[in-house]
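Here is a short tour of a protein chain and the ligand that goes with it. Have a look at the structure first, and then we can walk through the overall build and the binding site together.

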Amino acid sequence: MRFDVVSLFPDMFTVVRDLGITGRAYKQQLWTLALWNPRDFTHDVHRTVDDRPYGGGPGMVMMAEPLEHAVNAAQAGRAADKDQAAHDHKTSVILMSPTGKRFDQAMAQELAHGDGAILICGRYEGIDQRFIDRNVTHEVSMGDFVLSGGEIAALAIIDSAVRLLPGALNDADSALQDSFNTSLTGLLDSPHYTRPEVYQGQSVPAELISGHHANIAIWRRQQSLALTAARRPDLIAAAREAGLLSRADEKYLDQLKRR
Ligand code: SAH
């Protein structure tokens with residue numbers, strides 16, 4: 001897997017490259033990262049990447065040309081990668097944008113199954129639409145809020161995809177046990193506890209210290225169902241729709257409703 005990031009702040013990406021699970025996966029060569037600064041693709045002394053918006057209004061807009069040259073360099077870099085040359089499909093060029101499709105675990109999984117993508121980070125008021133029309137294949141949003149730049153969104157995308165690569169996580173922290181994933185049938189995760197057994201007068205739930213694996217599994221499933229029903233009924237509906245809720249699940253949900 002190879003990510004190419006087009007950004008005016010490439011230094012921000014040392015975080016995923018060097019630290020934690022994604023850092024370990026990088027050292028294991030499970031993924032590679034190439035950074036492209038649009039400023040390096042300008043031809044004036046000021047290395048200009050932005051200009052005032054046509055039609056007036058506040059702020060500045062990123063110019064199409066430096067961005068397009070950066071994307072072309074990224075495409076050429078990927079083509080030069082021997083492994084990449086084997087796949088002659090088109091690389092996804094993903095723009096970080098509040099007007100894009102809301103990013104979710106299904107998209108992270110789709111990315112994890114592929115060979116990476118080119119991620120475009122906007123700054124200022126945004127990007128000249130002609131660059132987007134000519135180069136971008138997908139637009140992705142982190143949610144209904146506005147960031148100062150696409151970098152934090154791109155970091156989130158890289159992190160969420162890389163941690164799903166086989167070998168990135170230890171068995172102990174398997175992604176399958178996380179919220180939205182298969183073994184939870186897309187529901188939210190159950191609460192976690194560690195030592196000490198009593199903290200500030202509060203005990204760990206008895207089920208978890210029972211040593212009885214079947215009861216622990218039932219407790220976790222019921223916690224998951226209760227939390228998801230309370231906070232994200234849409235995920236319960238989706239699991240039901242996909243036929244992923246067992247008879248025991250439905251029975252427990254029914255009990256919750258009567259409470
Ligand atoms: N004027 C734009 C926001 C520009 S914010 C608008 O109102 O839609 C500057 C840059 O930050 C954007 O180009 C985009 O790359 C990034 N960005 C801001 N919010 C984001 C979000 N919720 N998800 C992904 N990227 C975002």
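A residue is called buried when its relative accessible area is under 20%, and exposed when that value is over 50%. By that yardstick, 41% of the 259 residues of the chain are buried. Do keep in mind that this is a predicted model.

**The chain as a whole**

Ten helices and nine strands make up the secondary structure of the chain. Its C-alpha trace spans about 70 × 45 × 40 Å along the principal axes. Among contacts with a separation of 6 or more, 72% join residues 24 or more positions apart. Carbon and sulfur atoms hold 52% of the accessible surface, which comes to about 15500 Å². As for charge, there are 33 negative and 27 positive side chains, and the centres of these two sets are 6 Å apart.

**Around the ligand**

Which residues come nearest to the ligand? Of the 19 residues around the ligand, these are M96, G122, E125, F145 and L147. The table lists polar backbone atoms that lie at short range from nitrogen or oxygen atoms of the ligand.

| Residue (backbone atom) | Ligand atom | Distance |
|---|---|---|
| S97 | nitrogen | 3.4 Å |
| M142 | nitrogen | 3.0 Å |
| G149 | oxygen | 3.4 Å |

How much of the ligand does the protein bury? Taken alone, the ligand exposes 560 Å², and the protein buries 83% of that area.

Technical notes
Residues numbered from 1 in each chain as written. Predicted model: local features only at pLDDT ≥ 70, side-chain atom pairs only at ≥ 80, totals over all residues. Heavy atoms only, no water. Helix = DSSP H or I, 4+ residues; strand = E, 2+ residues; numbered from the N terminus. Buried < 20%, exposed > 50% of the residue type's maximum accessible area, 1.4 Å probe, protein only. Contact = heavy atoms within 4.5 Å. Areas by Shrake-Rupley, 256 points an atom, 1.4 Å probe, with all protein chains shown as cover. Lys, Arg positive; Asp, Glu negative; His and termini not counted. Charge placed at Lys NZ, Arg CZ, Asp CG, Glu CD. Near = heavy atom within 4 Å. Polar contact = N/O pair within 3.5 Å; in protein donor to acceptor, adjacent residues only side chain to side chain.
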